[in-house]
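Dear colleague,

Please find below the structure that I am handing over to you. My findings follow it.

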Amino acid sequence: MTAIYKRELKSYMTSMIGYLFIFFVLILAGIYFSAYQLSAAYPKFEYTLSSMTFVFLIGIPILTMRVLAEERKQKTDQLLLTAPVSVGGIVLGKYLALVTVYAIPMAVLCFYPLIMVKFGEVSLSSAYTAILGFFLLGCANLAIGVFISSITESQVIAAVLTFVILFAFFMMNGISSFFSESSLSTCITFGLLILAMALVLYIMIKNVIISAAVCVIGEGILAAVYVFHSSFFEGGIQKVLEIFNLSSHFENFSKSILDINGIIYFLSVIAICIFLTVQSITKRRWN
Amino acid sequence: MEEPEAAKKCIGYLPEQPPLYFDMTVLEYLKFAADLKKIPKDKRSSMVDEVMEMVKITEMKNRLIKNLSKGYRQRVGLAQAILGYPEVIILDEPTVGLDPKQIIEIRSLIMDLKKKHTVILSSHILSEVSAICDYVLIISHGKLVASDTPDNLGKLAAGSNSLIMQVKGDKEQIQLGLESIEGVKEFYIDVDEGSDVWKVTVNTEENVDIREQVFYKMAEKNCPILEMQSKKVSLEEIFLELTEGERVPMEEEKELLEESNLKEEILEQGEENHDGNL
């Protein structure tokens with residue numbers, strides 16, 4: 001794992017890509033910092049951070065697109081997979097290298113509140129809470145990028161797909177407001193989802209009976225719950241979509257709340273993405 | 001595969017396309033490979049130097065891999081496979097795309113390696129196989145169709161030996177003469193350009209040398225032999241015979257084993273590795 005970590009970090013630091021990412025984060029932070037803090041003399045650094053969360057939409061795909069896709073294209077993954085290292089070690093080494101690259105601009109950002117202290121009263125604890133939240137948000141986004149890079153062989157597809165998914169997560173508030181909150185429409189949406197799931201199941205296992213049974217049982221339960229306890233569905237779509245709303249979990253941090261829920265949420269996103277990445281690599285070995 | 005990491009540790013693998021990072025220098029790459037193979041730190045740099053010397057890339061050690069030629073890249077890949085001196089070294093078509101001089105160098109390197117390691121070589125170049133392998137496995141359609149030493153494989157194939165001759169004289173006399181020789185299975189007599197020179201092909205039974213008998217017989221019949229050529233079955237013919245028997249072979253793969261002290265064990269290891277990588 002350490003071998004992969006070192007190599008990966010070195011390759012980011014000897015090519016443009018790592019510097020490009022650092023440059024991008026720092027220049028945006030600089031622009032917002034000079035606008036809000038230096039010109040407008042606003043004392044809350046967390047405001048700067050929460051307005052620059054869109055940096056991940058472009059920065060993360062740049063950083064993660066090659067991490068596993070390139071290995072596969074160049075066939076260098078064969079070297080890693082035949083070496084005495086576990087797949088988990090490979091993925092973790094690569095992920096930690098990405099986190100290290102990302103930690104460099106974050107370390108620079110840590111100095112900004114200290115600059116502000118020079119000019120007046122600043123709550124350092126809330127500023128650093130926001131920096132922690134921002135760091136965790138970025139790490140979760142990186143994990144998503146690593147997973148997407150592992151499912152494709154092409155860097156371009158990986159970058160575009162990562163962008164699309166991160167963008168959808170970013171816009172999640174807007175997306176969830178499209179859907180009605182009434183229980184009937186939620187129930188119908190879930191019903192359609194179950195139907196789609198049964199179809200996917202049928203395509204994958206080619207067994208009519210099992211997929212039909214899954215469909216009927218699922219719809220039955222859904223209908224029963226609707227009949228007996230229809231208020232259960234109210235705002236259900238929004239609740240489900242909220243799971244994917246990464247930036248809303250950052251909002252608490254930017255309101256100077258050290259949100260344990262948020263920390264656990266980000267850590268679980270990272271863990272799930274790394275787990276999925278390991279599974280997608282292992283699956284390819286058996287195919 | 002209960003202990004994949006322990007199993008992978010005793011295997012060095014060179015895929016068909018060497019797994020190289022183009023943005024690293026040769027030395028960096030080999031150090032990374034050594035690190036990856038968990039070679040103890042104190043031995044690492046001396047082992048890297050040794051391996052580079054073995055495959056003769058020491059003078060290229062500070063070049064970026066993307067600037068190397070195909071032959072050098074292949075050698076860097078080979079160095080990576082040898083690193084750590086694993087018990088089993090698996091090479092997938094190691095000489096593809098190399099020039100004749102490089103092929104000879106790689107082959108002599110493999111000959112050196114097989115003194116200490118088990119080398120499993122996969123190749124479609126049969127002359128290479130017959131030159132360096134001690135034990136041959138032929139796989140057709142994913143099934144093992146033959147496994148033996150190259151010599152024994154020759155015996156295994158039907159219609160093993162044949163003589164090709166040019167004989168001057170009377171056709172009937174030649175026919176009579178050949179019929180009387182023991183060990184002759186069948187023969188064909190064709191007209192050659194010359195008026196009374198015949199092109200004779202004689203198929204003999206296995207492991208019988210009838211050349212002397214043919215010579216004396218023809219001398220007795222007063223039919224001088226102008227040319228005689230003994231043809232043994234080559235690996236190519238065996239290969240064709242074995243794989244064409246299986247109906248339209250889509251993909252034939254020759255898996256060749258060298259230096260097999262414990263054949264069965266090696267076979268197992270070979271299969272294990274295929275599970276592991278592909």
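**Findings: chain B overall, then one helix of chain A**

Of the 278 residues that make up chain B, 46% count as buried. Please bear in mind that this is a predicted model.

Chain B contains 11 helices and 10 strands. It is divided into domain 1, covering residues 4-123, and domain 2, covering residues 158-230. The C-alpha centres of these two domains of chain B lie 52 Å apart. Among the contacts in chain B with a separation of 6 or more, 71% are accounted for by residues 24 or more positions apart. The exposed area of chain B is about 14,700 Å², and carbon and sulfur atoms supply 49% of that area.

In chain A, I examined helix H10, which comprises residues 155-170. At 1.5 Å a residue, its 16 residues should span 22 Å, and the distance of 22 Å between its end C-alpha atoms therefore agrees with expectation.

The buried residues of H10(A) are A:Ala158, A:Ala159, A:Thr162, A:Leu166 and A:Phe169. Viewed down the axis of H10(A), these buried residues fall within an arc of 100°, so they line one face of the helix. Their packing partners, all in chain A, are helix H4 (55-64), helix H9 (124-151), helix H11 (172-178) and helix H15 (246-254).

At the start of H10(A), a side-chain oxygen of A:Ser154 comes to within 3.3 Å of the backbone nitrogen of A:Val156.

With kind regards

Technical notes:
Residues are numbered from 1 along each chain as its sequence is written. Chains are lettered from A and ligands numbered from 1 in the order in which they are written. This is a predicted model: local features need pLDDT of at least 70, side-chain atom pairs count only at pLDDT 80 or more; totals for chains, interfaces and linings use all residues. Side-chain values use heavy atoms; hydrogens and water are left out. Domain bounds come from an automatic or database domain assignment. Helices (H or I, at least four residues) and strands (E, at least two) are DSSP runs, numbered from the N terminus. Buried means under 20% relative accessible area, exposed over 50%, partly exposed in between (1.4 Å probe, protein chains only). Contact means heavy atoms within 4.5 Å. Accessible areas come from the Shrake-Rupley method with a 1.4 Å probe; for residues, only the protein chains shown count as cover. The expected span of a helix is 1.5 Å times one less than its number of residues. The arc is that of the directions from the helix axis to the C-beta atoms. A polar contact is a pair of N or O atoms within 3.5 Å; within protein, one must be able to donate a hydrogen and the other to accept it, and residues adjacent in sequence count only if both atoms are side-chain atoms.
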